[in-house]
Amino acid sequence: MLPRRFWCAVVMLSMSACTGTPIPHYRPAAPGHDWPQWQGPARDAVSQETGLLQSWPRGGPSLVWRVKGLGGGYSGPAVADGRLFGMSYRGEDEVVWALEEDTGKELWTSRITAANRHISSPGQEGSRCTPTVDGAQTYVLGVSGDLLCLDTASGKEIWRHNLVADFGGRVPSWGYSESPLVDADKVLVTPGGDKATLIALDKKTGGTIWKAHVPGTNAATYSSIIAADVDGQRQYMQLLNGGVVGVDAADGKFLWRYQKPGHGISCSTPLYHDHLVFAASGYGVGGGAARLTRAGNETHADEVYFSNHMKNHHGGMVLVDGYLYGSDDPRSLVCLEFQTGKIMWESTKPGKGSIAYADGRLYYRNEDGPVVLVEANPNSYVERGRFNQPERSGQKAWPHPVIANGRLYLRDQDLLLCYDVKSE
């Protein structure tokens, strides 16, 4: 008997012949190692992929392809079902684009609004949001607060909102930079308004499910929401200018706040593990962990520790086997014990940068360009390779490294580079 995959291909060919539409590039379903949203499948900068290079040769891994002409911005790619998705400013437009994963060939581009050149500099180069791919729908947030649901296959608009006009949001100084969170039937973003600090919308229709009011200091900064279960209660957590906060996933009710990590320019995404929520900011602030405990209908957030050795600016943090790794502004990579905050080591060798993890290694991108491979080793800093990205732009290398299906992706404004990091 011929395999089902064969008959699916026959049906696709027949449909194409009847309708005249192009046949999409065929590839088998990905083996669970796509990177379909900001910071990967679980929004924690961790890939479950194995069989990757444990050391890099001199000059770095092999370059598979390069694409120029994306337009300006800091949006890292999402990788899903054989495609890459990102955002840019192209001329006077803000756009979303889709590329073929194997070749980098552009498949479609969708204009969402006019490019906002009136935000503060740096940041006028373009979009910061990483698209969130959820099957047949993709969700994006533009710099001016335009939230769109697009058809993944074609880029056609399904529905849209503007966080300022529709929910009373306030555009941050450098524009909205959040990547939407999809959780079950909801899509969530942060307008940062008094009446709608966070919102949950029906992901299919865009209808409002709830608007969460966070009392006190509640402006949106540059972080993205995460979801976590705390003693059986689903919660959404976000780092605002007034600290990291939690709301009830069911109705948006405000539950708790841990104020100390907050800053007007908070960029990193919080993380949650084993009843501890950790959040950090740069500009001399630092990072800390609070223990979340539920008592009846209330949740308490009590500080466990705070460290000025994790002044994480934009590069994010990753938790691996009980140890937290991340950049300490202005120029170090730090490892600390997650439960206690004990500093295990700190090294200036990789400089200040952004981070992701896969197969025992930290992928670390210095904001000035060098890319470094480091052991996820709590005992000491052990470097396993580095290379200098070619064709560097004049802007900071702020897009985070992305690891998906044996490849490493590096965005640098108009340029996207794809490297082979699969071991032979």
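Reader: What makes Trp56, Tyr363, Phe387 and Tyr419 a cluster?

Author: These four residues are linked into a cluster by ring pairs, and rings of Phe, Tyr and Trp (its six-membered ring) count as a pair if their centres lie within 6.5 Å, the planes being called stacked when under 30 degrees apart, edge-to-face when over 60 and tilted for the rest. The model is predicted, so local features need pLDDT of at least 70 and side-chain atom pairs count only at pLDDT 80 or more, whereas totals for chains, interfaces and linings use all residues. Residues are numbered from 1 along each chain as its sequence is written, and side-chain values use heavy atoms, with hydrogens and water left out.

Reader: Why is the pair of Tyr139 and Trp159 called tilted?

Author: The structure holds 13 aromatic pairs. For Tyr139 and Trp159, the ring centres are 6.1 Å apart, which satisfies the distance criterion, and the planes stand at 50°, which fits neither the stacked nor the edge-to-face range, so the pair is tilted. Tyr139 belongs to strand β8 (residues 137-141) and Trp159 to strand β10 (residues 157-162), so that the pair links distant parts of the chain, 20 residues apart, where strands (E, at least two residues) and helices (H or I, at least four) are DSSP runs numbered from the N terminus. Both Tyr139 and Trp159 are buried.

Reader: What makes the pair of Trp345 and Tyr381 edge-to-face?

Author: The angle between the planes of Trp345 and Tyr381 is 70°, and the centres are 5.7 Å apart, so both the pairing distance and the edge-to-face angle are met. Trp345 sits in strand β26 (residues 343-347), whereas Tyr381 sits in the loop between β29 (370-375) and β30 (383-388), and the pair therefore ties together parts that are 36 residues apart in sequence.

Reader: How do you know whether Trp345 is buried or exposed?

Author: Buried means under 20% relative accessible area, exposed over 50% and partly exposed in between, with a 1.4 Å probe and protein chains only. Trp345 has 8% relative accessibility and therefore counts as buried, and Tyr381, with a relative accessible area of 15%, is buried too. Trp35, which lies in the loop between α1 (4-19) and β1 (46-47), is also buried, its relative accessibility being 3%.

Reader: Why is the contact between Arg66 and Glu391 called a salt bridge?

Author: A salt bridge is a side-chain nitrogen of Lys or Arg within 4 Å of a carboxyl oxygen of Asp or Glu. The N to O distance between Arg66 and Glu391 is 2.7 Å, so the criterion is met. Arg66 lies in strand β2 (residues 62-68) and Glu391 in the loop between β30 and β31 (402-404), so the pair ties together parts 325 residues apart in sequence. Arg66 is partly exposed at 39% relative accessibility, and Glu391 is partly exposed at 39%.

Reader: What makes Asp229 and Arg234 a salt bridge, and how exposed are Asp229 and Arg234, given that their side chains meet?

Author: Their closest approach, N to O, is 3.2 Å, so the pair falls inside the cut-off. Asp229, with a relative accessible area of 47%, is partly exposed, as is Arg234 at 30%. Elsewhere, Asp328 forms a salt bridge with Lys311 at 3.1 Å between the closest N and O atoms, and this pair links strand β24 (residues 323-328), which holds Asp328, with the loop between β22 (298-307) and β23 (317-320), which holds Lys311, 17 residues apart. Both Asp328 and Lys311 are buried.

Reader: What makes up the largest nonpolar core?

Author: A nonpolar core is a set of buried Ala, Val, Leu, Ile, Met, Phe, Trp, Tyr and Cys residues joined through side-chain atoms within 4.5 Å. The largest one has 30 residues, and those with the most contacts inside it are Trp56, Tyr363, Leu408, Tyr409 and Leu416. Strand β33 (415-420) gives the most to this core, with five residues.

Reader: How do you know that β29 and β30 pair?

Author: Two strands pair if DSSP finds at least two bridges between them, and β29 and β30 have five bridges, in the antiparallel sense, so they qualify. One of the partners in β30 is Asn388, which bridges to Pro370.
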